[in-house]
Each structure stands twice: as structure tokens, then as C-alpha cells.
Amino acid sequence: MPLARSFSVTSLSGLDEWDDEFDLDDAVLFEIAWEVANKVGGIYTVIQTKARLTCEEWGENYFLVGPYMESNVRTQVELIEPTNAALRRTIDKMNSSGCKVYFGRWLIEGSPYVVLLDVGFTAWSLDRWKSELWENCSIGVPWFDREANDAVLFGFLTAWLLGEYAAQCEDPPHILAHFHEWLAGLGLVLCRQRQLPVATIFTTHATLLGRYLCAGNVDFYNNLAEFNVDKEAGDRQIYHRYCLERAAARCAHVFTTVSQITAIEAEHLLKRKPDIVTPNGLNVKKFSAMHEFQNLHAQSKARIQEFIRGHFYGHLDFNLDKTVFLFIAGRYEFSNKGADIFLEALARLNYLLRVNHSDVTVIAFFIMPARTNNFNVETLKGQAVRKQLWDTAQTVKERFGKKLYESLLVGQLPEVSKMLDKEDFTMMKRAIFATQRQCLPPICSHNMLEDSTDPILTCIRRIGLFNSSQDRVKVVFHPEFLSSTSPLLPMDYEEFVRGCHLGVFPSYYEPWGYTPAECTVMGIPSVSTNLSGFGCFMEEHIADPSAYGIYILDRRYRSVDESCNQLTSFLFQFCQQSRRQRIIQRNRTERLSDLLDWRYLGRYYVSARHMALAKAFPDAYVYEPHDPTSTTGFRYPRPASVPPSPAHSLHSSPHHSEAEDEDERYDEELEAEKDRVNIRQPYSVPHKNKNRINPFSNICP
């Protein structure tokens, strides 16, 4: 069944319902990825968060397939005996033939079944399987590429598993296998080459060649049609990986990508237009009270402020109540993730704040893991000094309180001059002297192994942001993932995000962008770009994204300098907002979380699976997609209340005072109700099996 066009995410307001005859009772879904119970990157988040919804749809007929990693299995997987008779026979047969296959439940939301393949135990077959790959597919894998060797082992074991399962089934099976990324893609190629009765889907979350080209500072998106893909892949010594990825994309019954921007990229680099776009979602937990997430923001912000008090001890000459926390987080890809343009914009923002005599201070966090050997001694000392000051203040407070209590007991008003004695003043002076430091607050919280060549530190030296007292913009580089057990900044990533005011992700290459999506779900405004899947998605569905705290930076049609100026303008306008305006904007941002819920976006995966089954088993399944242009999709309108940005304010003054903010007419409940009217509920997924859980039933009108 040829399907030439791809769905647009503009049809989010409802995919057309398929026929009631589409029954999944006799179908089995295997979802294969290298990141099943093995966290490496963003695909882990996709599979982990989507598992609950998929389990509700497929029930006992859903199995995740991934590599066996002993350290991960100990903490994430409960090993059990297979409940499916055919799968139990399959695993027993493979184990008796020289493999090690494990079965269990992944201890995440939904508790999906997992089949884990030990690629290391089967390494003795590597040369034989590589020879077979060369003979049948003309793809050669060099011996020194360990990651590609793992992909070969994993691919052959996956094809073995699916083929053996098909042979062990008593009735002709309807097997659906969904493969993620090139590391799992060889299994798909072998399924088609061996003509196994398996419907296949291949999802690329980011093309290999695209990531390498963007990291090389090329004008990627404006020259997509001009690249000699074979030569470019060969020059970067990834030709064999590129061949595996391209073969999987070309062989799949259904090919999907996670965003429209990646769909354009895949069409040029992998030479196939995706059949459907499957945006990435999250499991959104709504609060019963609207103000609850605002309280969480205040609590987390207070913990970040405590870290700042220690980090900047001796130079704490700015008001923390008028300090704005910005952050960027993700893989340490300096150019691809936009750290370069963010730093340049911070330098320009620093100049604007200084010349305008602003009383706002900006602290920008860089949360990007890099090679370090330990915490910075000066950073640890700062937290120790802060703790010492706190202990001193508590001691003096207790002594003061005791004297005050005794004075009141005898019926006398205390003489303030006698409440603090010489010993108290000595103790406080000693604590104050301990806060003196000769050096500036450190930029980096850790000792970097490659300090002189580190891209972020090199750029900071060039632009001159050294955390001096004259700077209105301060920088903290934390080259390690956040953890609640850290002695320095004891916060989980989610807590940290909630405590910040703005996430800044000016990426040049970002197929989707989970970091800004997570900010949105937690009610934190963010900066994204029109080269990220998330940014394009939001532009399509929000009439005025910036009013809802989603700032979209143009990096496709502007020069780097123009994009940097635009980002500087965004940041400067954000710094001019009053506290009340930021609260209003966070409320608006949090209401967009429904757009990113898997219960909305999961329908695209459902549609892709039905499409693949209909292509592979046309006698048993029929899937006729309708033209989605009949439904126009929804777009959030511009909020009816006063806009949050002073640049578009109805007031004539350039900056709102707190008094003016209190007079603004704003009804949060009324505006929220207006926004909810613009959200069209998704359609339900009908099934013949009345016992099967409908994954969308609880949100349908």
C-alpha cells in the first residue's frame, strides 16, 4: 500500500478514526532500541515515558528489546519467566544455541516486559555475521569501531529473536517490530532480507550524518540538497554507520521521524521521505491546585539561592530577590546545542544591563557534562563558608532570644544595646572576616581536565565574563549532571529546572528538544529555535509563542550575528519583566503542557503501527488514512490579558513598577478557561476487544 505523503503535526487536533475492524488481539509488538533499560541519550526518555501508554494499548502483547547491561539490570529490571508460551520457547531455543537472553519487567511506569540480549556473550559470532552482512548487503564494518560491532551483534540477535518467535507461533503470527535509530536498524534490514513475516517501522531521532555535518560548522540547512552524502560520510569515517542507517530507512514498511525539520533532513540524507511524523511527548502530571507548581518554583529557587550565597561569598553585592536564573543543559555539543551563541548573547546582555543601570542581575548556569577530575576547591570552600555563617547567625540568634525571653519574664522592655555583648560581636566579626576573598568567584565548579582548550571556558575568556562586581551577568559552569547527593548543588535536574526563571536552548541541530519540552511541562519559559523540532512544533500551534513564554529564535534565515542580537533582545526583555509578570507568564507556559502529553502525541505512534500492519499484512488489516487538511489543527490564540513583555506593554512607561502590576486586570481562572476551549480533545481508539484499555478514554469528551 504505497503512501507517498507524510502527516503534518498540524493535524494534532485529531487523526481520523480508523475502522472498527482494526483489531490488535492477534498482533504482537516488539519495540527495539539500544536504550531500552540503558540510558545513553534522549531515546531513553522517549521509550521510558511512552511505555505506559503503549502497555495500555497492547497489554500483554508488548515487548521491549534491548541490550543486557548487568549494572542497569540490577537496579532497573526484575527478571521473571516469560508468560507468553511462544516467547518462552523462543528464549529457551536461543539460550540452548549459545546465546544469553533474559526476560523481565522494566521497573518504570507501566512495567513493560523486556527481552534483553547479551551482545558480549555472542561476540564469538561477530566475524561470521560481519561476513554475512558483507555478502548479503555489501556493508563492511571495520574492526576498530566498537559501537558498530555492537550494532552488528545486536542486529543479528534481534533478527534471530524475531525469526525464532515467528517459527514458534502455532498460528500465522502478525508481528510488528519498531526499531529506533541506526544502532538497532540492522535487525530491520535482516528481517526484510530474510523475508520474515514481520511488519517493520524505523524511527530516526537524528540522522548520523546530520549531527556530524552540523558539528563541523557548515551551513547545513541551506545546503541540504547540495551534499554528496557518500563522500561526506566517508570523509568523516562513518560510511559504514551511514549505510546501516540508510538501509534501515529504505527497507522499513513505515519510516518516521520526530519532527518536520528532521523529516526534511532525512529526505535529503537518507533518500526517503518519512511516512509520518511522530513528535516526542512526556507524561504530564497536572496539579490539582493552579498555584502548586508556583510554590514548587519558589522552594527550588530558594535552594539555588543558597548555592549562590556560597559560590559568590565575598562578592555578594547584588540583590538575590532581583536576580534572574537562566540555564542551558544537555550533551556537551558546543555549537550544535547553541552554547556558543548563548555566551555571545550573555556578553551583549551584560553591556545592555550596565549601560541602562539595571538593578537586575543575571546568573547563567551551564549544565553540560565534561571531563573533570574533582570539585573545584574554591567552590567547595564557598559552601563551607556559607554553612559557617549560617551556624554563627543561629548561635547569635539563640543567645539573643534567650536574653530577650529573660527580660520579658521580669516585665521589662529589653535594652537593645545590651542584648548583644562583646563576645557576640567578636563572633560575628570573625565570621565576616572569613567571607573575604582575594580572587573572583570561580566560573567552573570543577577542575577541568582540558581547561585550556575547553570551548566554554575559552569563549568566556574571550568575552570577558569573569564574575566581577561590575558585571551584571554572572556565569556558573557545572560540568556534571545534577544529583540530589552532590555536596555542591544537591538538587535533581527537575528540581533545578523548577527553580530557574528561563531555559535557553538556542540549538543549531536539535531534531526534537526534550529540554525545552520539560521546561514547558514544569511551567518554566524557554528559548528554542526554528531549527529544533520543539520550536517548529510550537510555532505551528501557538499564535504568539512569546506571550506564552516560548521564545523562538530564528537560526535558519538569519546570520549568526542577527540571531545573537535577537537572542539578546529576548533576554533583555525578559529581564525587564516584574515578578508579577513572570508569574503570569509561568501560568501560561504551564497550560501548554497538554500539547506535549503522550495522550495527545501517542496517536501518531498508533497511526504508524497501524499503517505498518496494513502494509505487511494487507489480507488481515486495512488502513486508509484520510486527508488531514479536513481538520485544521488548533492554534492557541494570543492571551487576552495584558502581555507579559514590557516591549509590547499598553503602558507608556518603559518599565512597570510593582504598583502598576497590582492594578493590571488579570483573571487567571478566566484566561485558563479561554485557553482550554482552544484545545480540541483527541479522538478515541476503537477496538473490538472490549476488555482492552482505551489509552485515550479518560481524556475524551
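Begin with the whole chain coloured by confidence: the mean pLDDT of the protein is 86, and 86% of its residues reach 70 or more, in what is a predicted model.

Still with that colouring, select helix α23 (residues 658-663), which has the lowest mean pLDDT among the elements of the protein, at 40, and then strand β15 (residues 502-504), which has the highest, at 98. Two further stretches deserve a careful look: residues 1-21, where pLDDT stays under 50 and the model has 83 contacts beyond four places in sequence, and residues 627-633, where pLDDT is below 50 and the model has 12 contacts beyond near neighbours in sequence. Where pLDDT is low, the predicted coordinates should not be read in detail.

Now switch to a cartoon of the whole protein, in which 24 helices and 17 strands can be traced, and then to its surface, where carbon and sulfur atoms make up 51% of an accessible area of about 29600 Å². Of the 701 residues, 58% count as buried.

For a closer stop, select helix α18 (residues 514-521) and pick out T520 within this helix. Is T520 buried or exposed? T520 is buried, because its relative accessible area is 0%, and buried here means under 20%.

Show the surroundings of T520 next: leaving aside neighbours within four places in sequence, its contacts include S526, F534, M538, I550 and T589, and also E590, L592, S593 and L596. The side chain of T520 also reaches the backbone oxygen of P516, at 3.0 Å. Finally, draw a distance from the C-alpha atom of T520 to that of G503, 17 residues apart along the chain, and the separation is 9.5 Å.

How values were computed. Residues numbered from 1 in each chain as written. Predicted model: local features only at pLDDT ≥ 70, side-chain atom pairs only at ≥ 80, totals over all residues. Heavy atoms only, no water. Helix = DSSP H or I, 4+ residues; strand = E, 2+ residues; numbered from the N terminus. Buried < 20%, exposed > 50% of the residue type's maximum accessible area, 1.4 Å probe, protein only. Contact = heavy atoms within 4.5 Å. Polar contact = N/O pair within 3.5 Å; in protein donor to acceptor, adjacent residues only side chain to side chain. Areas by Shrake-Rupley, 256 points an atom, 1.4 Å probe, with all protein chains shown as cover. pLDDT = per-residue confidence, 0-100.
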